[in-house]
Amino acid sequence: MKKKLAVLLLTACLLTACGSKSLITTGNDPVANAVYTNDYVSLAPYTGLKAEKKNYIISDKSVEDKIHETLMEFAEYNSVSRASKSGDYVQTDFKASIDGSVVAAEEQYDFTLGAEEFGKQFDEKLTGVSIGDELNFSLTFDSDFTDVEWAGKTVDFEVRITDIQEQLMPEPTDAFIRENTAYSSYQEFSDAMRKELTDSYELESSQELQENLIQQVIDSSSIMQYRKKDYEDAQSTVNNAYLGYLELFGMDDLEDVYEFLDMTKEDVEEEIQATLYRTLVINAVIENEHLSVTDQDYEDGIQRYMEQIESESREEFLNTFSEEEIRTQVLEDKALSLLVSHADITETDTEYEES
């Protein structure tokens, strides 16, 4: 999956920008082979590291899926009189109840058979039905179901089928492609989709390699102390990463999210410490190498990150991220790129697996 800039930026906090003087001592000793030591980190060697870089294979099937996904914008939907089947859009009036209390009720709500919005069993119940059918059935959901109110519960459904539509994809002829896209032929369009996948896979592979290398440095280095403010920044980073679950799960606070994800306080603390240590070690590399960000680095970073998160305009991007955040991320990228340029890397071809 493509790493979004919002997450990238949140993981970096330069020590020079963290102003608290309250120190927390870990009790760790410096490492014997340190290449650089400051008040916080005893930095292990970070050049000559060994790592594997995965070169993800672009299959014809993955290109076809990418083309289909892109052309879905032009799909039409046609009501049919036959029984429903996988891929159809089934429109319903439905009601869901738990122990006699209604927990959801919608009119003209569409389900895509195969998307498993309410799980595989629900889709199976709606497969082979016809317009006008009325269904009554109960399903017991797993404890990790996305809707926390339904998780681990038996839900009683009343469903009336009001319409069934099949998806009609356009024929991607050269003429259609010229009229509806920025490309002059289907072959040019297909090549562009393959390049998008190639670039996406390469970005993910490079990020995986960088994280492998920096983790080796973290594991070999020693964190001797850190500022309370550094810890608070890492804590905010971890909490912010889970904020999106609040709306998704219909919860009120992060404690509920962590509980639902079976994350103990120890698990959360482990993530905070990992984020904190990563920041401290990257900053030590930056300091030891005397890395800095030029105005050109900053401009190049803006263009690169805009492409990564598919930002519509420079104005929108700069309204979302501050100059300090962008420069911090560019500096981190420089440190990670340095690790890669000095590493002993073995490249392997491998099939890509969706995460």
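I began with strand β9, where I found Leu139 opposite Val155; strands here are DSSP runs of E with at least two residues, and helices are runs of H or I with at least four residues, both numbered from the N terminus. The model is a predicted one, in which local features need pLDDT of at least 70 and side-chain atom pairs count only at pLDDT 80 or more, while totals for chains, interfaces and linings use all residues. Residues are numbered from 1 along each chain as its sequence is written, and side-chain values use heavy atoms, with hydrogens and water left out.

**Around β9.** I then looked up the pairing to which Leu139 belongs: strand β8 (residues 134-140) runs antiparallel to β9 and is joined to it by seven bridges, where pairing requires that DSSP finds at least two bridges between two strands. I noted that strand β6 (residues 89-98) is also antiparallel to β9, with nine bridges between them, and that Thr92 stands opposite Ile161 of β9. Strand β5 (residues 76-79) pairs with β9 (residues 154-168) in the antiparallel sense as well, over four bridges, and there I found Ser79 facing Gln165.

**The open sheet.** I next traced an open sheet of three strands, ordered β2-β3-β10 and paired antiparallel. Because β2 (36-37) and β10 (222-223) stand at the edges with a single partner strand each, one side of each is left without a neighbour in the sheet. Strand β3 (residues 41-43) pairs with β10 over two bridges, and I recorded Ile223 in β10 as the bridge partner of Val41.

**The charged surface.** I turned to a negative surface patch, whose members are Asp142, Asp144, Asp252, Asp253, Glu255, Asp256, Glu259 and Asp262. Patch residues have over 30% relative accessible area and no salt bridge, like charges being joined within 9 Å; a salt bridge would be a side-chain nitrogen of Lys or Arg within 4 Å of a carboxyl oxygen of Asp or Glu. From this patch I followed Glu259, which lies in helix α8 (residues 254-260) and is exposed at a relative accessible area of 59% (exposed means over 50%, buried under 20% and partly exposed in between, with a 1.4 Å probe and protein chains only).

**A loop residue.** Which helices flank the loop that holds Ser292? I placed Ser292 between α9 (265-289) and α10 (295-308), and I noted that Ser292 is partly exposed, with a relative accessible area of 45%. From Tyr258, Ser292 is 34 residues away in sequence and 38 Å away in space, taken C-alpha to C-alpha.

Methods: Patches are made of residues with over 30% relative accessible area and no salt bridge: like charges are joined within 9 Å, nonpolar side chains (Val, Leu, Ile, Met, Phe, Trp, Tyr) within 5 Å. Accessible areas come from the Shrake-Rupley method with a 1.4 Å probe; for residues, only the protein chains shown count as cover. Lys and Arg count as positive and Asp and Glu as negative; His and the chain ends are not counted. The place of a charge is taken as NZ of Lys, CZ of Arg, CG of Asp or CD of Glu.
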